[in-house]
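Reader: I should like a close look at a single part of this model, namely its largest nonpolar core. Please set it in the context of its surroundings.

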Amino acid sequence: MDRYVSMIDPAWSLTDIRAEVTTVEHKTSDSVTLTLRPNANWQGFRAGQFVRLSVDIDGIRRTRCYSPADSQFRRDGRIELTIKVDPNGLVSRYLSDNAKPGMIVTLSEAQGEFFVPLPHPRRILLISGGSGITPVMSMLRTLCDKAYNGKITFLHYAFTEDDIIYRRELDELKELYPTVKIVRAYTEQETGGDLHGYFNREHLVAAEPYFHDAETFLCGPLPLMDAVRKVYAEDGLDDQLHLEQFAAPVRTVPSDDVDGDLSFTFADKKVTNNGRSILEQAEEAGLTPEYGCRMGICFSCTKRKDFGTTRNVMTGELDSEENKDIQICVTAPCGDVSVNL
């Protein structure tokens with residue numbers, strides 16, 4: 001039925017969340033902002049969560065994770081996604097070059113535990129860098145729409161002022177809401193802004209002297225996140241730091257001594273295990289498994305392991321259970337492993 005009705009209304013579906021692109025903007029030279037009108041299957045989101053967006057490229061469905069940047073109370077029910085364009089990225093480049101009003105994409109339900117809890121804390125610190133601004137921008141917009149009367153400090157890192165995606169709106173929010181403090185930090189611009197250089201304890205104290213009393217929400221590149229985590233760990237504030245990470249996982253266990261074969265039963269292929277993730281080895285073998293985030297967040301790449309011992313490349317945890325679903329983007333084989341792929 002979906003097939004026939006979609007000929008009249010491409011966004012309609014009985015079960016799928018489809019969304020029509022209504023506007024396309026390039027707020028900076030390396031980003032694209034899409035406004036989407038989802039169909040009736042969309043259930044909304046909490047500020048800070050992410051969605052999995054799927055689009056067909058050359059006949060293959062590709063999926064990536066993006067965080068809505070708008071308020072969860074947006075009145076027209078539309079969704080705003082601002083996407084950092086990676087010069088080597090397939091989906092981000094495709095959307096930047098090809099997205100236009102009328103284009104149809106598929107979305108997942110909103111996912112993730114990165115959101116401001118209820119009841120809201122009385123002091124909130126938002127820290128972001130680069131395109132990590134999107135989930136915390138959603139938090140800021142949502143809190144402003146709710147007339148939140150606590151203290152909000154927003155510390156954002158960018159190369160230069162021209163790289164701040166929501167620069168004009170941040171200025172407007174600062175003027176409209178006396179309880180909102182905007183702190184701009186430029187890493188490659190020595191003039192303007194409030195802070196210069198990379199995150200350190202001095203930056204944190206300058207932005208929010210009472211950070212010990214704040215719930216902190218962090219999203220950005222790994223060096224920024226590592227620097228913030230270090231300060232909070234030193235002060236015993238790990239429980240007050242909430243973060244969203246959209247970066248490829250770092251292997252925590254050496255894989256130089258790997259052996260055995262990795263078998264893909266559905267494709268009837270076998271390769272010599274090289275220690276990389278199952279997803280990477282599948283791609284090297286010419287297979288095209290579905291994936292989304294490539295970091296163990298979205299579960300798009302889940303496949304059934306028939307047998308063998310595998311390692312979680314982020315935690316180092318070993319698993320030898322047979323006939324078990326695994327996320328192939330963050331799982332590496334140890335010895336002989338068979339996957340239903």
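Author: The account below begins with the core and then turns to the cavity, the second core, the sheet and a pocket.

This is a predicted model, in which local features need pLDDT of at least 70 and side-chain atom pairs count only at pLDDT 80 or more, while totals for chains, interfaces and linings use all residues. Residues are numbered from 1 along each chain as its sequence is written, and side-chain values use heavy atoms, with hydrogens and water left out.

A nonpolar core is here a set of buried Ala, Val, Leu, Ile, Met, Phe, Trp, Tyr and Cys residues joined through side-chain atoms within 4.5 Å; buried means under 20% relative accessible area, exposed over 50% and partly exposed in between, with a 1.4 Å probe and protein chains only. The largest such core has 26 residues, and Leu126, Met137, Met139, Leu140, Phe154 and Leu170 touch the most other members. Two or more residues each come from strand E7 (123–129), helix H3 (133–145), strand E8 (151–158), helix H4 (167–176) and strand E9 (180–186); helices (H or I, at least four residues) and strands (E, at least two) are DSSP runs numbered from the N terminus. The largest contribution, seven residues, is that of H3.

Leaving aside residues up to four places away in sequence, Leu126 touches Val136, Met139, Leu140, Ile152, Thr153, Phe154, Leu155 and Phe217, where contact means heavy atoms within 4.5 Å. A second, separate core has 24 residues, among them Ala19, Val21, Trp42 and Ile57.

The lining of the largest cavity consists of Leu143, Cys144, Ala147, Tyr148, Ile152, Tyr177, Thr179 and Val180. On a 1 Å grid over the protein atoms alone, a cavity is a set of points where a 1.4 Å probe fits but cannot get out, a pocket is an open set with protein on both sides within 12 Å along at least five of seven lines, and lining residues have an atom within 4 Å of a point. The cavity holds about 40 Å³ of space, a volume being the space filled by probe spheres set on grid points joined across faces, edges and corners.

Val21, a member of the second core, stands opposite Leu36 in E2. Strands E1 (residues 17–25) and E2 (residues 31–38) pair in the antiparallel sense over six bridges; pairing requires at least two bridges found by DSSP. An open antiparallel sheet of six strands runs in the order E4-E3-E6-E1-E2-E5. Strands E4 (60–66) and E5 (79–84) stand at its edges with a single partner strand each, so one side of each is left without a neighbour in the sheet.

Finally, the second largest pocket has a volume of about 200 Å³. Its lining comprises 13 residues, of which Asn312, Asp319, Lys324, Ile326 and Thr331 lie nearest its centre.
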